[in-house]
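Visitor: Hello! I am new to this structure and would love a close look at a single part of it. Could you choose one helix and walk me through its surroundings?

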Amino acid sequence: MIRGALWQRGASWRPFVFAPQAMRMMMIALSAIFSLVSPVLSREPVLSRDNSEPATTPPPRASGTLRIATYNVSFFGKAEGDLTRELTTPESVQPKQIAAVLQRVRPNILLLNEFDYDPRSPELFARNYLAISQAGGKPLRFAHHFIAPSNTGIPSGFDLDRSGSIGGGNDALGFGQFSGQYGLVVFSQLPIDNTTTRTFRHFLWRDMPSALLPPDWYTPESLAKLSLSSKSHWDVAIRLSRKEILHFLVSHPTPPGFDGPEDRNGRRNHDEIRLWADYIDPSRSDYLRDDRGRQGGLEAGASFVIAGDLNADPQDGGSVRGAIDQLLLHPRVNRETAIGDLAPRSRGASEAALRQGGANAAQRGDASLDTADFSDRGNGVGNLRTDYVLPSSNLEVCASGVFWPASTDAEFALVNDDVEASSDHRLVWVDIALSGRRCPIRSK
Ligand SMILES: [Ca+2]
Ligand SMILES: [Ca+2]
Ligand SMILES: [Ca+2]
């Protein structure tokens with residue numbers, strides 16, 4: 001009954017409607033792959049599926065398009081070096097599951113959030129997990145990556161949370177138990193131009209005009225130290241051709257909770273999102289200064305994709321009202337992908353909200369847009385849309401989706417639900433047409 005209703009809804013919003021024949025072939029192939037070669041699927045997911053439903057695993061991207069993804073992978077350890085040690089062997093369950101998801105979606109450009117900072121870790125993950133077939137997937141290779149330090153866990157030297165003592169995660173420049181916890185990394189199959197790439201780790205919150213700083217909370221001395229970015233903000237310059245750059249604008253603003261009535265984290269989350277809203281607006285970006293001292297933002301006409309776990313849902317959860325609308329309603333952001341027909345969705349998210357109930361039942365947002373499976377009980381906020389891939393309005397978007405399998409899909413074993421298998425977030429992907437190329441014809 002419920003499945004039927006979901007499919008009715010699903011049929012109207014899928015960006016692609018596949019020919020039933022091709023769809024069936026794909027589902028049959030997928031079933032075969034999963035039943036034959038799948039050590040990670042030993043949890044015996046329910047395999048009986050209605051073959052007319054869209055697959056969680058997206059179709060291969062069309063030629064002349066580029067697939068861009070963001071994924072909060074929850075790769076954080078309890079202490080410095082934990083993740084690096086884990087990635088040194090190819091046997092750890094969580095990275096195997098994450099790599100299995102990535103091998104299904106097969107992005108060309110990828111941001112991972114919550115990836116503890118260590119310059120050695122990206123290569124270890126690439127070599128020991130992505131380059132090895134996981135659950136029947138094809139190995140996935142990225143020739144390039146970008147990683148840089150994060151503010152998380154770096155002591156500020158001030159009592160930022162006003163607990164009465166100095167020390168611990170809440171008094172760090174960004175919340176974290178050790179330096180670089182919850183960092184980020186970008187993987188790319190296209191070259192990264194390191195000279196053009198910019199970072200905004202050191203930019204001070206107080207230096208943002210009309211910053212939303214909590215009134216009477218921070219001392220002037222602490223504000224002279226407190227960065228706006230809780231991790232870092234990077235403009236990673238991806239080289240599409242000799243002349244063309246795609247600016248991959250990545251970040252991971254602090255979650256809006258874990259504070260008091262002063263809402264210092266909610267306010268910082270708002271302004272961390274605002275950094276990109278200002279950066280892409282030449283009339284508002286003059287004040288920005290990157291870590292190498294270069295002033296200003298992105299020139300008009302540049303192509304960009306904003307990506308990351310931005311910790312803000314347009315309708316539900318605890319972020320400052322309008323925080324994410326700074327980007328979703330920004331004139332330079334592709335509106336169809338932000339709030340229109342091409343906003344990334346999944347049938348699995350709708351199904352999860354219904355099945356899990358609790359806080360989800362009282363929410364206002366469209367559950368099919370959710371990207372994070374948060375707690376639904378007690379004070380839990382329920383499932384939210386927190387992860388975004390937002391191309392600029394001058395880019396043509398061909399397709400999009402969220403890798404969120406329904407409980408009846410074979411891929412369900414790859415994601416957290418009642419069992420912690422991989423991450424509490426889901427991968428979000430968007431396909432864009434390369435310049436001079438058009439999207440394949442879409443049927444609606
Ligand atoms: Ca403190
Ligand atoms: Ca949930
Ligand atoms: Ca929701």
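Guide: Happily; what follows is a tour of helix α4 and the parts of the chain around it.

A word before we set off: this is a predicted model, so please read everything below in that light. The chain holds 10 helices and 11 strands. Of its 444 residues, 48% are buried. Among contacts between residues at least 6 apart in sequence, 74% join residues at least 24 apart. Keep that in mind as we go, since the neighbours of our helix come from several stretches of the chain, including residues 65-75 and 427-433.

Let us start with the helix itself. α4 covers residues 93-105, 13 residues in total. How far apart should its ends be? At 1.5 Å a residue the expected span is 18 Å, and the end C-alpha atoms lie 19 Å apart, so the two values agree.

Is this helix mostly covered or mostly exposed? Mostly covered: 11 of the 13 residues are buried. They run from P95, K96, Q97, I98 and A99 through A100, V101 and L102 to Q103, R104 and V105. Notice that the list includes K96, Q97, Q103 and R104 alongside I98, V101 and L102. To be called buried here, a residue needs 20 or more other C-beta atoms within 10 Å of its own.

What do these buried residues pack against? Their partners are two helices, α3 (82-88) and α5 (121-130), together with three strands, β1 (65-75), β10 (397-403) and β11 (427-433).

Take the α5 side to begin with. The axes of α4 and α5 come within 10 Å and cross at roughly 80°. That crossing makes the two helices roughly perpendicular. On α4, the contact is made by P95, K96, A99 and L102, while α5 contributes F125, Y129 and L130. A general point about helices helps here: with 3.6 residues a turn, residues three or four places apart point the same way.

Now turn to the strands. α4 lies across β1, β10 and β11, running at about 25° to β11. These three strands belong to an open sheet of six, in the order β3-β4-β2-β1-β11-β10, with mixed pairing. At its edges stand β3 (144-146) and β10, each of which pairs on one side only. On average, neighbouring strands of this sheet are turned by 15° against each other, direction ignored. At the β3 edge, β3 pairs with β4 (residues 184-188) in the antiparallel sense over three bridges, and H145 stands opposite F187 of β4.

What happens just past the end of the helix? There R106 takes a positive phi of about 55°, a positive value in a residue other than glycine. R106 sits in the loop that leads from α4 to β2 (109-115). Is R106 buried or partly exposed? It is partly exposed, because it has 18 other C-beta atoms within 10 Å, and 20 or more would be needed to count as buried.

Let us finish with a step towards β10, one of the strands beneath our helix. L395 lies in the loop between β9 and β10. With 20 C-beta neighbours inside 10 Å, L395 counts as buried. Leaving aside residues up to four places away in sequence, L395 touches S303, N334 and I432; I432 falls within β11 (427-433), a strand that α4 packs against. The C-alpha atoms of L395 and V333 are 9.2 Å apart, although 62 residues separate them along the chain.

The loop of L395 also links to a second sheet through β9. That open sheet has five strands in the order β5-β6-β7-β8-β9, again with mixed pairing. Its edges are β5 (198-199) and β9 (387-391), each with a single partner strand, so one side of each has no neighbour in the sheet.

Finally, the largest nonpolar core of the chain has 96 residues, and those with the most contacts inside it are I68, F248, V305 and V389. V305 touches I68 and V389 as well as F248, among others. I68 falls within the stretch 65-75 of β1, one of the strands packed against α4, which brings us back to the helix where we began.

Definitions and conventions: Residues numbered from 1 in each chain as written. Chains lettered and ligands numbered in written order. Predicted model: local features only at pLDDT ≥ 70, side-chain atom pairs only at ≥ 80, totals over all residues. Core = buried A, V, L, I, M, F, W, Y, C linked by C-beta atoms within 7 Å. Buried ≥ 20, exposed ≤ 12 C-beta atoms within 10 Å, placed from the backbone. Contact = placed C-beta atoms within 7 Å. Helix = DSSP H or I, 4+ residues; strand = E, 2+ residues; numbered from the N terminus. Expected span 1.5 Å × (residues − 1). Pairing = 2+ DSSP bridges. Axes fitted to C-alpha atoms, helices over the stretch in contact; angles between N-to-C directions. Parallel < 35°, antiparallel > 145°, perpendicular 65-115°, else oblique.
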